[in-house]
Amino acid sequence: MSHDQAHYLELLARGAAAEAYDRPLLLARADGAGHEQLAALDHAKQLALRVRAELEGRRRREAELSALFETAHDLAGLRDLDAVLRAIVQRARSLLGTEVAYLSLNDPAAGDTYMRVTEGSVSARFQQVRLGMGEGLGGLVAQTARPYVTDSYFDDARFEHTGTIDAAVKDEGLVAILGVPLMLGSQVIGVLFAADRRARVFEREQVALLASFAAHAAVAIDTANLLAETRSALADLERANAIIQDHSGVLERASDVHDRLTELVLRGGGVQDVAAALSEVLDGTVEFTEAGPDAGGAGGHATRHGDDWVAAVAAGGEVFGSLVLRGHPALDPVDRRTLERAAMVTSLLLLARRSAHDAEQRVRGELLDDLLDAPDRDPRLLRERAARLRADLDVPHVVLAARIDGTADETAARAETARAETAAGRKPAARTGSWTRAGANARADSLDGAAVSARETADRQRLWSAASHLAATRSGLAAARDGGTVLLLPLGPGDTAADLARQTARQLSGALREPVTVGASSPVDSPAGDPAPVAEAYAQARRCLDALRLLGRSGEGAAAQDLGFLGLLLADPGDIDGFVHRTIGEIVDYDRRRGTDLVGTLDAYFASGMSPARTKDDLHVHVNTVAQRLERIGRLLGPDWQSPARSLEIQLALRLHAMSSSAGS
């Protein structure tokens, strides 16, 4: 990466304005840079601008979700309707970045519309204006029940202009206006506006965000109206005792669910807690299901399905599931709204928890990626990022490489394929007296390739999720990498790297309900103070992981010191390739030149306890063929190749050669 290209990373890091990204390209063009360099810089610029836009989009969405959650919290504790509406208008103005925001409500008694709440307005005439039904931009919104936006109010002829409205808008100095309807069922009760004193284009996401705030405002108004109706019913107690008893039961249930849901939100309750509280209040059985409702129940309203009532649990156009009230066909309007509000609270809880969980896992993975890939990071910044994740990178840590081992599944599939071929009358292919398993393996791979790929992807996701949870509980870090997962965990007092590897393998295997193999590195004293050793520690952990799998110890956890002499080589690889070449290089070269498999024969010979009879059974060849191959091996390795010292070196070289071949594939 050139210095100029790296400059774009610096611009991203300090949050520079978009105009600053043109400077490196302009400077390079002024310095007479070549076409290829200019093209590379332009490509880097476009990538950087896309990353900048993505980061800004994420920050904006987080702010929007936070504002919507705060608005829902205001509704859960509704005491003052005006205060809630003011908060909604203020948040809408802040998030859309407009100069003015306001909310108007219809007055059916007077037959007009009046301004209820304004934010950023400086004109007294504008704040007190009353409009006839159907007049102005608000009249168009109310008439069509759809959002409308105008870039230039006075030049727009789609709606009816009146002297009163135009004078108020001109006095306020408004130019661009966006209006969205406040809906109660199919009825428009008012309009929520966002406006600027200059021409601007409102994006589709901004229109959707303002519509979300309008929905909250409508709920607040509806709730206030319900409370007013309840108070009116209580005032008529002496005249209509029967009616007040019905309303009293409704009020008690609404108050109960209000208190319960408020308490659940404050103490961080979950979906099942909401369902349990609602079951008691509505005197029925409420369940949360991940299946979304039919089209009739996806608009935010509870709908009846047979003897059940279903309310969609959704936010931002995404359906998380449904709240289902079973066996309760007679449901009054207040209980229906209670079910709908519970669904809204449930969706916000799910959205907030998912966002927080995903954000923390992503941040932990990004920090570990930086430690592995960018060892020149500023230690002070690394410590600050780690502190926000409650991790202390100045104490000794161990790098662990974890993977779900699919070797057993693949072997079983291939064996089943070979058995099927034998049953069908097709013999395995033979070459120079040996049974070649490549054909059976290829057929098994072609039949099961798609299923294996899907399974591996799902396994990696599950492993990363479980490892991220484990890292969070241990004040460590985790990231998906190289087809598995890498963890950086602190080393506790009295623990060793091997202890930590075994604990991690046991916990991940228990969480996933299948064996997870874990290789550990030697301790890294201070990952924040000196990040450079982290990458080498990860390489060491991966070598240990590969060795465990080759040794048939899948599902276990170990560090290099657990593996004897092989572990010493793994901890400091040194001249492993040279050792393998000096020990069995003649055989490897012979196989490569002649297309034979003396390495496989030698491995099977040692595995069978150096018994030619058992070797020929394992290889499915005649014993004379085994003898001929062993004679060839003896001529290549020398007459003392079966002595205890030489055979130990040869077996170790065979393991290292197999591990090297596995890593290369």
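In this predicted model, helices α18 and α21 are oblique to each other, because their packing angle of about 125° falls outside the ranges that count as roughly parallel, antiparallel or perpendicular. Helix α18 covers residues 576-594 and helix α21 covers residues 623-637, and their axes lie 9 Å apart. The crossing of α18 past α21 is right-handed.

If you would like to find this spot in the viewer, look on the α18 side for Thr-583, Ile-584, Glu-586, Ile-587 and Tyr-590. Their partners in α21 are Arg-632, Ile-633, Leu-636 and Leu-637. By class, this contact of α18 with α21 consists of 6 nonpolar, 1 polar and 2 charged residues.

**Neighbouring helix contacts**

Helix α18 also meets α19, which spans residues 598-607. The two axes come within 8 Å and cross at roughly 135°, and α18 and α19 are therefore oblique to each other. From α18, the residues taking part are Ile-587, Val-588, Tyr-590 and Asp-591; from α19, they are Leu-598, Val-599 and Leu-602. Here the division is 6 nonpolar, no polar and 1 charged.

From α19 you can step on to α20, residues 612-619. The axes of α19 and α20 come within 8 Å, with a crossing of roughly 125°, so this pair is oblique as well. As α19 passes α20, the crossing is right-handed. Thr-601, Ala-604 and Tyr-605 of α19 make the contact with Pro-612, Thr-615 and Leu-619 of α20. The classes represented are 4 nonpolar and 2 polar, with no charged residues.

Here are the three helix pairs side by side.

| Helix pair | Axis distance | Angle |
|---|---|---|
| α18 and α21 | 9 Å | about 125° |
| α18 and α19 | within 8 Å | roughly 135° |
| α19 and α20 | within 8 Å | roughly 125° |

**A mixed sheet with helices on it**

Now for the strands. Strands of a sheet pair through backbone hydrogen bonds, either parallel or antiparallel. One open sheet is built from 5 strands in the order β14-β15-β11-β16-β17, and its pairing is mixed. At its edges are β14 (477-481) and β17 (557-559), each of which pairs on one side only. From one strand to the next, the twist averages 20°.

Strand β16, residues 516-520, runs parallel to β17 and is joined to it by 3 bridges. Within this pair, Gly-519 stands opposite Ala-558 of β17.

Which strands does helix α15 touch as it packs on the sheet? Helix α15 (residues 497-512) touches β11 (397-404), β15 (484-490), β16 and β17, and its direction makes about 160° with that of β16. Helix α16 (residues 532-550) packs on this sheet too, touching β11, β14, β15, β16 and β17. The direction of α16 makes about 40° with that of β11.

**An antiparallel sheet**

Another open sheet has 4 strands, in the order β7-β10-β9-β8, with antiparallel pairing. Its edge strands are β7 (285-289) and β8 (303-305), each pairing on one side only. The twist in this sheet averages 30° from one strand to the next.

Strand β8 pairs with β9 (residues 308-315) over 3 bridges in the antiparallel sense. Arg-304 has Trp-309 in β9 as its bridge partner. Helix α10, residues 271-282, lies across β7 and β10 (318-326), running at about 155° to β7.

**Two residues with a positive phi**

Most residues other than glycine have a negative phi. Ala-145, however, has a positive phi of about 55°. Ala-145 sits in the loop between α6 (136-144) and β4 (148-150). Is Ala-145 buried, partly exposed or exposed? Its relative accessibility is 33%, so Ala-145 counts as partly exposed.

Ser-475 also has a positive phi, of about 60°, without being a glycine. You will find Ser-475 in the loop between α14 (438-473) and β14, the latter being an edge strand of the mixed sheet. With 30% relative accessibility, Ser-475 counts as partly exposed.

**The chain as a whole**

Stepping back, how many helices and strands does the chain contain? There are 22 helices and 17 strands. The chain has 665 residues, of which 42% count as buried. Of the contacts between residues at least 6 apart in sequence, 64% join residues at least 24 apart.

Note on methods:
Residues numbered from 1 in each chain as written. Predicted model: local features only at pLDDT ≥ 70, side-chain atom pairs only at ≥ 80, totals over all residues. Heavy atoms only, no water. Axes fitted to C-alpha atoms, helices over the stretch in contact; angles between N-to-C directions. Left-handed = near helix turned anticlockwise from the far one by under 90°. Contact = heavy atoms within 4.5 Å. Nonpolar A, V, L, I, M, F, W, Y, C, P; charged D, E, K, R; others polar. Pairing = 2+ DSSP bridges. Buried < 20%, exposed > 50% of the residue type's maximum accessible area, 1.4 Å probe, protein only. Parallel < 35°, antiparallel > 145°, perpendicular 65-115°, else oblique.
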